[in-house]
Every structure is written in structure tokens, then in C-alpha cells.
Amino acid sequence: MATNEIDIRVDEIIHKEGGQIFEVEYLYNEHQGNGDQRNYRVSVKRQDYERIAARTQKPALPFDKFVKVLKPFMIGSHAADDIPEAFRLLDSDHSGTIDVGELATFMPVIVPDANPYMLLHHIQKVDQNSDYKLNLTEFTALINRGIGRDIALGRI
Ligand SMILES: [Ca+2]
């Protein structure tokens, strides 16, 4: 489908030490139709993630799984191969769909003020059968349309 006129390039950098990931970094370079450019980066460190995850009342994904879910959110359609596993990890009750509660277990660290209403608002953009949940097809659309990135970057 047609998107807006922004062309986005994303580089993923995974920092490891002793075989363990300690930081994931995403570097963005946005080219707008009018020639403007914008660069920004998003970084999540294991230490920060685990500290925040420990504080939240809800169950959170272990950092290594979180990283696998984060990738398609941040990279979008270029991470097509990673979408099924991200879906499987988010669908924690194996119902075949991701609901708001499941999506919320992924959010606290990157979007501390994410709330169920905001998540539902994004879900509804791709929720073709209007059940307020995402099946794999709908989740794939969410990633491919860049909505996942908007959620992860806290853009409404
Ligand atoms: Ca589910």
C-alpha cells in the first residue's frame, strides 16, 4: 500500500560481551519528500531494561526475547523474517492472537507511559475483523505499515 513520502533507513547494531547482548541500538535516517533529513537513534540496554522490568507490576519478557520482538517493531517491513517469532513471543497464552495485555508486557521500557487506550488505538488501525486483537496477518500489517515503529517511538 502507499505510504507517506518518507524514506527511512534503519541500521541495527547489537552490542555483545561474552556472548551476551548488553545493548541494542537502532540508527535512523529519514529522508522526506522535500529533501529534509532527520537522524535519530534508539538504544535499549539490558541493565536498564531489567531494572525497569523488575519495577513493573506486570510480567515482562526476558531481555533476549524482548530484543527479538523489538527488531521488527523498529525495522518494519525489512524484518519480515522476524515477524512470526516476534508474534509467537508476544502471544504468551498461545491463543493465536495478540491482545492489548500481551502487547503491554512488551511496552513499559521503551514507552513508559504507554497505556491500554493508546495501544488499542494502534491495534484498531489494522484490526480487520474488529475483535480488538491481532492475528498474524494483522500483526504483519502493523509492522509493515510502520505502526509498530510509531508505537515503539511513542508517536501516536
Ligand atoms: Ca494471545
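**A loop between two helices, and the fold around it**

Tyr-132 sits in the loop that runs between helix 5 and helix 6. The model is a predicted one, and this loop makes a handy place to start looking around. The backbone at Tyr-132 does something a bit out of the ordinary: phi is positive, about 65 degrees, even though the residue is not a glycine. For context, most residues other than glycine have a negative phi. As for its surroundings, Tyr-132 has 12 other C-beta atoms within 10 Å; the cut-off for exposed is 12 or fewer, so Tyr-132 counts as exposed.

Ser-130 belongs to this loop too, which links helix 5 (116-126) to helix 6 (136-144). Here again phi turns out positive, near 50 degrees, in a residue other than glycine. Ser-130 is exposed, because just 7 other C-beta atoms lie within 10 Å and exposed residues have 12 or fewer.

A third residue, Gln-128, is likewise found between helix 5 and helix 6. With 10 other C-beta atoms within 10 Å, Gln-128 is exposed as well. From Gln-128 to Gln-57 there are 71 residues along the chain, and the C-alpha atoms of the two are separated by 31 Å.

Now for the other end of the sequence. Arg-9 is part of strand 1, which covers residues 7-17. Arg-9 is exposed, with 11 other C-beta atoms within 10 Å. Ser-77 is 68 residues away from Arg-9 along the chain, yet their C-alpha atoms are separated by 11 Å.

Stepping back to the whole protein, there are seven helices and three strands. Followed along the sequence, they come in the order β-β-β-α-α-α-α-α-α-α, with the strands ahead of the helices. The radius of gyration is 15 Å, close to the 15 Å that the globule rule gives for 156 residues, so the protein is as compact as a globular protein of that length. In terms of extent, the C-alpha trace spans about 45 × 45 × 30 Å along its principal axes.

How much of the protein is buried? Buried residues account for 25% of the 156 residues. Contacts tell another part of the story: taking those between residues at least 6 apart in sequence, 47% join residues that are at least 24 apart.

Back at the loop between helix 5 and helix 6, then, Ser-130 and Tyr-132 each carry a positive phi. Both residues are exposed, as the counts for Ser-130 and Tyr-132 show.

Note on methods
Residues numbered from 1 in each chain as written. Predicted model: local features only at pLDDT ≥ 70, side-chain atom pairs only at ≥ 80, totals over all residues. Helix = DSSP H or I, 4+ residues; strand = E, 2+ residues; numbered from the N terminus. Rg over C-alpha atoms; globule rule 2.2 N^0.38 Å. Buried ≥ 20, exposed ≤ 12 C-beta atoms within 10 Å, placed from the backbone. Contact = placed C-beta atoms within 7 Å.
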